[in-house]
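Me: I am new to this structure and would like a close look at one strand of the sheet and its surroundings. Please take me through it slowly, as one connected account.

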Amino acid sequence: MLVKKIPIPGLFVTATDTGVGKTIIASAIARTLHQRGKRVAVLKPAASGCYHSREAWVSEDAEMLAAASDTHHPLDLICPNRFEEPLAPAVAARRARGEMDYAAIDRSVQIMSRDADCFVVEGVGGVLVPMDDRYVLRDLIVAFGVPAIIVARAGLGTINHTLLTIESLRSVGVEVLGVVINQYPADNASVAEETNPREIERISRVPILCIASQEPFTPPHIGPGVMAAVGQVDWESKMSAGNMPRP
């Protein structure tokens, strides 16, 4: 067992690929829940592409999650595994002569769960990105036992990437709550961008939870269009606590 199940209601934010906008959507979900009066714990189990500050590696993604949730927990808990090079975690850890610390991830979950109502976890890359020589990110989602949402691009190619991600998660018993289409160019959408959401829903039978508009992104600021889209979803009712069956 990699880690214990998350003991409070939560969800895992993954994506079809890197650079799709997991962080801004996860942060918008955390901020929405916080604005609704929830005490929100946030976690980024691992991050690569970190920068060095005050004798420590800092994850910009973790900083944004912390700001959005208004958490009092330190960044060491929010992101327990941090690596310099912007590579898959397994590769980044190997090149840094380190390894993925699952005990630290588990410690973060158990500590932050004690004074929180719900948990928002943001992944790294896609669901099959290697965490080490044995496990991929999908294995961590299974271990946490919470449902997942998938952040997807709007444009051409996203049907294939999204359906593959859904199929991969379903194959190991992870409940897929829905898809968030991110970076949607509302003012000049192509035919592919206009029709992709309906096709994803039709084929997968997974709902499109919301469509977030394409806006300038300057962390920790979250654009009003993204907040408005994410704010339409009843996230509280979709969360569940570590009750997904292990395969």
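Reply: Two strands count as a pair if DSSP finds at least two bridges between them. With that in mind, and remembering that this is a predicted model, we can look at strand S7, which covers residues 118-122.

We begin with its place in the sheet. The sheet is an open one of 6 strands, arranged in the order S2-S7-S1-S8-S9-S10, and the pairing is parallel. Its edges are formed by strand S2 (40-43) and strand S10 (208-213), each of which pairs on one side only. Direction ignored, neighbouring strands of this sheet are turned by 20 degrees against each other on average.

In that order, S7 stands between S2 and S1. On one side, S2 and S7 pair in the parallel sense over 4 bridges, and within this pairing Val42 has Val120 of S7 as its bridge partner. On the other side, S1 and S7 are likewise joined in the parallel sense over 4 bridges, with Phe12 standing opposite Val121 in S7. In general, the strands of a sheet pair through backbone hydrogen bonds, either parallel or antiparallel. One step further along, S1 (residues 10-15) also pairs with S8 (residues 148-152), again in the parallel sense and over 4 bridges, and here Thr14 is placed opposite Ile150 in S8.

The next point is which way the residues of S7 face. Cys118, Val120 and Glu122 point one way from the strand, while Phe119 and Val121 point the other way, and all are buried. Buried here means under 20% relative accessible area. Because 5 of the 5 residues of S7 are buried, the strand is largely enclosed by the rest of the structure.

Part of those surroundings is helical. Helix H1 (residues 22-35) lies across S1, S2, S7, S8, S9 and S10, and runs at about 170 degrees to S7. Helix H5 (residues 102-113) packs on the sheet as well, touching S2 and S7, and the direction of H5 makes about 170 degrees with that of S2.

For contrast with the buried strand, consider Met1, which is found in the segment before S1. At 76% relative accessibility, Met1 counts as exposed, whereas Cys118, Phe119, Val120, Val121 and Glu122 in S7 are buried.

Key
Residues numbered from 1 in each chain as written. Predicted model: local features only at pLDDT ≥ 70, side-chain atom pairs only at ≥ 80, totals over all residues. Heavy atoms only, no water. Helix = DSSP H or I, 4+ residues; strand = E, 2+ residues; numbered from the N terminus. Axes fitted to C-alpha atoms, helices over the stretch in contact; angles between N-to-C directions. Contact = heavy atoms within 4.5 Å. Buried < 20%, exposed > 50% of the residue type's maximum accessible area, 1.4 Å probe, protein only.
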